[in-house]
Amino acid sequence: MNKKQWKKMLMQAIKIAIGSCAAIYISETLNLQFATSAGSIALLTVLTTKWETLKLALFRVITFFISTALASAIFLGLNNDWGSYGIFVFLLVVICELLGLRSTVSVNAVIGTHYLTTMNFSKEFILDEFMLVLIGISISIILNLFHANESRKKDIIKNMRDTEEGLQTALRNLAAYLRNEQLERNVWDDICKLEKEIEHFIHDACEYQNNTFYSHPEYYIDYFEMRMKQCNVLHNLHYEIKKIRSMPEQASIVANYILYMANYVIEVNIPVLQLERLKQIFQDMKKEALPVSREEFESRAILYHILMDLEEFLIVKKRFVEELDETKKKTYWDTQTMQNE
C-alpha cells in the first residue's frame, strides 16, 4: 500500500468514526431508543463516493418501510422469536436481492431486531426507528460532501502525463529493438506494468467522477481506456518484432518512424500527420525490390504487420478525439489550463 492509498484509507476511517459518533450523539440527544444503532447505520452508509452514498441512502429509506411492513406481518403472526426472525431475514434478503438492493440488508436486519425485541409497531416507535435511519444516512451524506476533488483532479492529470511517458518509453524501446540495440529493460514487462497502472488510473477516474456533483467528467475515464487499447496494440507490436529472425534494411525506416511517432503520444495531438506519414511509408515499401530469400520475405511481411499495428495505435487516438462531445471537450480544455498553471 503506497502513501496515497494509506492517506485515502485513513481519511475514510476518520470520516466513519466521526459519522458514527455524531449519529449516536444526535440520537441520544433526541432520546431515541437504540440510539447506538444510528452509529452503525452511519458506518454502513459512508462509502467512497458521493453518488454511491446518495443512492444507498435513498434505498435505505425505501427498504425501511418494506422491512417494517414485513416485520409487522411476521412477528405479530408468529410466537417463535428466533423462528420468526429467521423467516423475516430470509424474506428480507430475497426481496432485496430481487430489487438489486443487497447493500441495504444489514441495516434493515438491525431494525428488525428492534421490532423483535419490543414487539412495538406503534406510529411513535416506527417514527423513532425511522429517525435512527434518517440520522445515520444524513450524517453520511454530509461527511461525503467533503472530498479533495481539486487535488484528485491534479493527480488524475499527472497520471495522464505518466501514462503518455510510459507509452513513449515503450515505443522507443521497441524502436531500439528493431535497430538491434542492446536493451537494459524488458519491454514486455514494462508494457504489462503500464497496463496495471492504467487499470488503477481508470478506477481513480471513476471514483473522481462519482464524487463530482456539478458534472460527470467521463473524459478522464475514456482517455485512460483509450490508452489501455493502445497498450494492447503495443503487445501485438512487440510480439511481431520478436518473430523477426534477421532485421531487413527496411527495419531502420520503421524504427525511425516509431521514434518520430513517440514524440506525439501526448494528449493534445490529433495524429493526422502521423497517419499521412505512415501511409507514405506503406507506399514506399511497395516500391521496394522483391525479397530474394524466404527469410527476407518473412521478415518484410512481419514489418508490414508492424506498420499495420502502428496504424491501429494511431487510429485509436484519432477515434477518441473524433468522438469527444462538447462536455468532454470542455473538460479537455480545463485539463490544459490546469496543466499550464
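Is leucine 10 buried, partly exposed or exposed, and what is its relative accessible area? In the predicted model examined here, leucine 10 is partly exposed, with a relative accessible area of 46%. The residue is found in helix 1, which spans residues 3-29, and it contributes to a nonpolar surface patch of about 580 Å². The other members of this patch are Trp6, Met9, Met11, Ile14 and Ile18. Because a relative accessible area of 46% falls between the limits of 20% and 50%, leucine 10 is classed as neither buried nor exposed.

The overall architecture of the protein chain is helical in its assigned elements, with 13 helices and zero strands. Read from the N terminus on, the elements accordingly run α-α-α-α-α-α-α-α-α-α-α-α-α. Of the 341 residues in the protein chain, 45% are buried.

The loop between helix 1 and helix 2, the latter covering residues 36-45, contains asparagine 31, and phenylalanine 34 is placed in the loop between these two helices as well. Most residues other than glycine have a negative phi. Asparagine 31 nevertheless has a phi near 60 degrees, a positive value in a residue other than glycine, and phenylalanine 34, although not a glycine, has a positive phi of about 55 degrees. As regards solvent accessibility, asparagine 31 is exposed, with a relative accessible area of 65%, whereas phenylalanine 34, at 28% relative accessibility, counts as partly exposed.

Two helix pairs illustrate the packing in the model. Two packed helices are described by the angle between their axes and the distance between the axes. For helix 4 (residues 81-98) and helix 5 (residues 105-118), the angle is about 150 degrees and the axes are 10 Å apart, which makes helix 4 roughly antiparallel to helix 5. The crossing of helix 4 and helix 5 is right-handed. In the second pair, the axes of helix 10 (residues 251-262) and helix 12 (residues 294-322) come within 11 Å and cross at roughly 15 degrees. Since angles under 35 degrees count as roughly parallel, helix 10 and helix 12 are therefore described as roughly parallel to each other, and helix 10 passes helix 12 in a left-handed crossing.

Helix 12 also contains alanine 301, which counts as partly exposed at 29% relative accessibility. The C-alpha atom of alanine 301 is separated by 9.5 Å from that of isoleucine 244, although the two residues are 57 residues apart along the chain.

The structure holds eight salt bridges, among them pairs that differ in their sequence separation and in the accessibility of their partners. Lysine 158 forms a salt bridge with aspartate 162, in which the closest N and O atoms are 2.9 Å apart. Because these two residues are four residues apart in helix 7 (residues 149-178), lysine 158 and aspartate 162 are separated by about one helical turn. Lysine 158 is partly exposed, with a relative accessible area of 48%, and aspartate 162 likewise counts as partly exposed, at 29% relative accessibility.

A salt bridge between separate helices is formed by arginine 227 and glutamate 164, whose closest N and O atoms are 3.9 Å apart. Arginine 227 lies in helix 9 (residues 218-242) and glutamate 164 in helix 7, so the pair ties together parts that are 63 residues apart in sequence. Both arginine 227 and glutamate 164 are buried. These residues also take part in a network of salt bridges, in which Arg227 and Glu164 are linked with Arg161 and Glu267.

A further salt bridge joins glutamate 240 to lysine 243, with the closest N and O atoms 3.5 Å apart. In this pair, glutamate 240 counts as buried at 14% relative accessibility, whereas lysine 243, at 40% relative accessibility, counts as partly exposed.

Note on methods
Residues numbered from 1 in each chain as written. Predicted model: local features only at pLDDT ≥ 70, side-chain atom pairs only at ≥ 80, totals over all residues. Heavy atoms only, no water. Patch = residues over 30% accessible without salt bridge, like charges linked within 9 Å, V, L, I, M, F, W, Y side chains within 5 Å. Areas by Shrake-Rupley, 256 points an atom, 1.4 Å probe, with all protein chains shown as cover. Salt bridge = Lys/Arg side-chain N within 4 Å of Asp/Glu carboxyl O. Buried < 20%, exposed > 50% of the residue type's maximum accessible area, 1.4 Å probe, protein only. Axes fitted to C-alpha atoms, helices over the stretch in contact; angles between N-to-C directions. Parallel < 35°, antiparallel > 145°, perpendicular 65-115°, else oblique. Left-handed = near helix turned anticlockwise from the far one by under 90°.
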